[in-house]
Amino acid sequence: MTHIRLRLNRDGSEEIARFDLPDDPAESGISGTWEGASVSTALQYLQRKVDPSLAYVLSCRRGLCDLCAVRIDGKVETACTTPLRDGMLIEPTRASLQLRDTVVELSLVRRHRVA
Ligand code: FES
């Protein structure tokens with residue numbers, strides 16, 4: 001069993017929220033295990049089961065649209081294609097464009113080429 005704790009910068013401040021994913025995947029409503037699951041899957045779980053106020057973006061789920069882009073341990077990645085790792089820090093792509101949690105103003109993202 002793999003224990004995974006995620007760190008999430010929700011408001012652009014120094015304060016980091018910590019979320020522990022349940023060790024038993026059956027508790028999570030996720031089929032299989034957390035190993036190999038994506039960051040998007042974890043964000044979806046957290047929003048549905050832990051904190052309904054958590055905001056994230058998900059669209060194609062295949063790494064094609066870049067709408068789910070977040071900063072993971074300092075590097076911009078697509079959440080839907082990045083596998084979970086224990087201790088990873090998830091932040092908006094650019095704090096100055098943050099609307100809420102990992103959601104940023106997309107029209108500005110395109111203009112500023114955040115990645
Ligand atoms: S949802 Fe489209 S790239 Fe992740």
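In this predicted model, strand E3 pairs with strand E5, residues 89-91, in the antiparallel sense over two bridges. Within this pairing, Arg71 has Glu91 of E5 as its bridge partner. E3 also pairs with strand E4: the two strands, residues 69-72 and residues 75-78, run in the antiparallel sense and are joined over four bridges. Here Ala69 has Thr78 of E4 as its bridge partner, while Val70 stands opposite Glu77 in E4. The hairpin formed by E3 and E4 has two residues between the strands, and Asp73 in this hairpin adopts a positive phi near 50 degrees.

The pairings of E3 are set out below.

| Strand paired with E3 | Residues | Sense | Bridges |
|---|---|---|---|
| E4 | residues 75-78 | antiparallel | four bridges |
| E5 | residues 89-91 | antiparallel | two bridges |

The side chains of E3 are divided between two directions: Ala69 and Arg71 point one way, Val70 and Ile72 point the other way, and all of these residues are buried. In a regular strand, side chains alternate between the two faces of the sheet.

Cys68 comes just ahead in the numbering of the residues of E3. Leaving aside residues up to four places away in sequence, Cys68 touches Ser40, Val57, Leu58, Ser59, Thr78, Ala79 and Cys80. Thr78, one of these contacts, is also the residue bridged to Ala69.

Cys68 and Val70 also belong to the largest nonpolar core, which has 21 residues; Val39, Ala42, Leu43, Ala79 and Ile90 are listed with them as the residues with the most contacts inside this core. Strand E1 (5-8), helix H2 (39-50) and E3 each supply at least two residues of the core. H2 gives the most, contributing five residues. In soluble globular proteins, nonpolar side chains tend to be buried together.

Turning to the protein chain as a whole, its secondary structure comprises three helices and seven strands. Along the sequence these elements follow the pattern β-β-α-α-β-β-β-β-β-α. The chain has 115 residues, of which 30% count as buried. Among contacts with a separation of 6 or more, 41% are between residues 24 or more positions apart.

Key. Residues numbered from 1 in each chain as written. Predicted model: local features only at pLDDT ≥ 70, side-chain atom pairs only at ≥ 80, totals over all residues. Pairing = 2+ DSSP bridges. Buried ≥ 20, exposed ≤ 12 C-beta atoms within 10 Å, placed from the backbone. Contact = placed C-beta atoms within 7 Å. Core = buried A, V, L, I, M, F, W, Y, C linked by C-beta atoms within 7 Å.
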